[in-house]
Amino acid sequence: MNQNAGELTVIGLGGGGCRIAATLAGLTAGSTHWQLLAADTDTESLSHIQGAQTISLGQEWVKSEGCGGDAVLGERATSASADELRSLFEGSRMVIVAAGLGGGTSSGGVRVLARLLREMDLVSLFVVTLPFAFEGSWRQREAEKALVPLRDLAEAVIVVPNDLLFTELTADTPATQAFTMADGMLAEGIHGLTRVLSAEGLITADFATLKSILRQRQATCALGVGQGTGEDRWQAAIDSFIKCPFVGSSEALADADAAIVTLCGGMGLSVGEVRSCLTAFQQYFSEDARVVVGAYADDRMGDDVQITGLLCRYRREETDDAGTDEQQGPPAETPHQETSPKRRPRKGKALQTQGGPVQGELPLQEQSLGIFTGVQPTTIRGENLDIPTFQRRGIHPDVGD
Amino acid sequence: MPRAKNEVLTGVEIGTSTIKVVMGAVLPEDEIAILGAAEIPSLRVVKGEVTEAAVVQEHLERALAAAEQEAGQEIGDVFLAVTGAHIQTVNSVGSTVINAPDRKISEDDVVRAGRNAHGYTLSPDKKILHYFDRHYQIDRTREVTNPVGLVGTRLEADVHIVFGQHNRIETNCRLIADVMSYPAVDVAFSPVAAGFAVLSAEETEKGALLIDVGAGVTEYAVFHGPGCVHSGQLAVGCDQITNDLALGLRVPMPKARQILHELGNYGSAVMTPDGRARLMKVDALGRGERKIPVSTTEQIIELRLQELFENIKWDLESRGALQRAGGGAVLCGGGARIPGINRLAQHVLQMPVDTARPQQLTGRHDQVASPAFVVPLGLLRWGKMMLDISAPEPMPFWRQFQVDAKKAWGVTRRAFRW
């Protein structure tokens, strides 16, 4: 039915991950372009999940009772079921892992999964949430502990602090609704991301593009969802995307090195409409950013439109390579764009601090490179070490004239 | 054909200021018998990296030929040191859960933990030079060097990985291959090699920091326990000092270099108290003679070196490697000859600092006993170790014949080119 069938696997790990998987199952009901798995140590909670294949992890370790928040137990249980997981991932080209960090199964299990996926050489994307503050500091700490090794092991990690949701929630929101919202937003995001690859779309990106974006070492990723309706629906969707609590502001877009954006509209969605939206949307990104776009029509959307996007910022030390090796320029139709808005203030600041201590007594110290002109500079923490130290410190040596 | 007992090894360092070649054999007592050595000024090497292959190749040929002539023997296995701004290091942790019913850690678990740690993803243009085991941790509480046989639930291996840009490393390897007609046996990051030359087993056991202040790049490595626990580089060296002097004193580069070389005659890298009163004469650019206080020169050098050591210290501290260098630091490379640099380093790093001296040399070692030669010297000992690990599989005779024929062809070709 679909050429992508079986290529993509989404797995929800632990209690939170399984809830996301269940929400996703509801969203995609009937679609077969992926394999949906839910894995937990707690058999009881797994039995409530519909529409996803369930795996109960490490039964000989936990006796179907869950981990009770013990990450080491979670890790052992998951690694005991590694062979089963491996056989399920067999044949996939990409695996998305969703987990709510802080619990035992998820905090311990993500590490095992990350290692397993690396061994199998699959493209992996981890979407993890950090617990709400009201869940207690112990869970927070557990989650942070799990996150540190994960960043090194996994190719791409999207961290969603649940607390950010509070900007949208009113004080009297019941806790259950807060969880439902968090799960819902992640499920929407993952759904949108996977639709980039879906062959049913109007505009699709190929798998290799997605892979090359995710295979860069990531610093931070953010997932956003925006919706719009009515007359000016695309602009409304863009605005609500930017205001989405996980994105925050338009600066997040300007700082992004790469983005995967999916547009979704009702059956009447035309290519012209998509194009005008994309042109408007791309204004927010910096010139160097690599933006991959997918668009598809879905009859359930009616007159509404939806934008989902994954924003990636690469680790800074890698930017040199990324700049030269894969400069895949953005489309030419990005008129009068502000060139690198983040760099300008920095320069001004540097000048101020340079001039600060010596002002009043001495003129501004000139900075020169001498024999290192035209040589690749040695920079450490923003300082060009090829410029003589005394010049950078604003010292005027006495040279006897 | 079994390997000859005291095989002739060759260490080659293509440095920013000179190309150094040392030929020698490692004797059973771990002594190095020096057979020949050569040092040829290098051009077109900037910050430790070759920028013009043809020029460097010519100099490399001359250096190899000079060493060969001095040794009176043919160059054998070549080991090459690499450095440069592209070399990066990372400390990675790999863990594994002990699944054996009795939870005794086996060799397999150690290998598995190590492999997980090695799995650090690199982009395909990177090449890994070294892996070093730093230590193992059992259940996140016990730190041990050899966990086999101990009981635990979870084993973590902490490894230090050194990697660099594949193509830039390959550039240097190709140069050797082009000159010799056969490739270098192995490549090492230069401070790692230097450590093998100057640190004794006791010093390594106690922990020591080695800083190699070269012309273009300063490399450093911390050795502790079984091996190297951290290393790194900073593309700042004596060239930067010279450049600072040239710009600060407004003198041409050769003059600045001369001032730095003769610093010992009038001052030191640490500012002397009466420096302001003493004057040195300098020919200014087109403006006749000037008298510059010695303190100015000293200040420019001190600022630069202080910053260099501070940056090294910052990196070591942030990677948790500073406290492992319990035995103090040794300085080597050409920069170690700057008078007063030891005191300055001691002041910044807050640990005893000494100038490196190569360990256990015999043979014609007058020339190579200086701190500038430690990298090619260390390559010999390191190379010997590598051969012992990888070797004794005897080559089939046809393969040996092939290698010999290639060598002979290389020799004849070089003879003709001469």
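**Entry 1: a strand in chain B**

Is strand β12 (residues 208-213) of chain B mostly covered or mostly uncovered? I looked it up in this predicted model and found the strand mostly covered, with six of its six residues buried.

Next I checked the two faces of β12(B). One side carries Ala208(B), Leu210(B) and Asp212(B), the other Leu209(B), Ile211(B) and Val213(B), and all of these are buried. Both faces are therefore covered, because buried here means under 20% relative accessible area.

**Entry 2: its partners**

Which strand runs antiparallel to β12(B)? I found β13 (residues 218-224) of chain B, joined to β12(B) by six bridges. Following the chain from β12(B) to β13(B), I passed through a hairpin of four residues. I also noted one facing pair: Asp212(B) stands opposite Glu219(B) in β13(B).

Then I turned to β17 (residues 329-332) of chain B. β17(B) runs parallel to β12(B), and four bridges join the two. Here Ile211(B) is the residue that stands opposite Leu331(B). Ile211(B) is also one of the buried residues I listed above.

**Entry 3: cysteines**

How many disulfides does a search of the whole structure find? I got zero, over all chains. A reminder to myself: a disulfide is a covalent bond between the sulfur atoms of two cysteines.

I looked up two cysteines as well. Cys264(A) has 3% relative accessibility, so Cys264(A) counts as buried. Cys228(B) is buried too, with a relative accessible area of 1%. Both values fall under the 20% cut-off, which is why I could call these residues buried.

Notes
Residues numbered from 1 in each chain as written. Chains lettered and ligands numbered in written order. Predicted model: local features only at pLDDT ≥ 70, side-chain atom pairs only at ≥ 80, totals over all residues. Heavy atoms only, no water. Buried < 20%, exposed > 50% of the residue type's maximum accessible area, 1.4 Å probe, protein only. Pairing = 2+ DSSP bridges. Disulfide = S-S within 2.5 Å.
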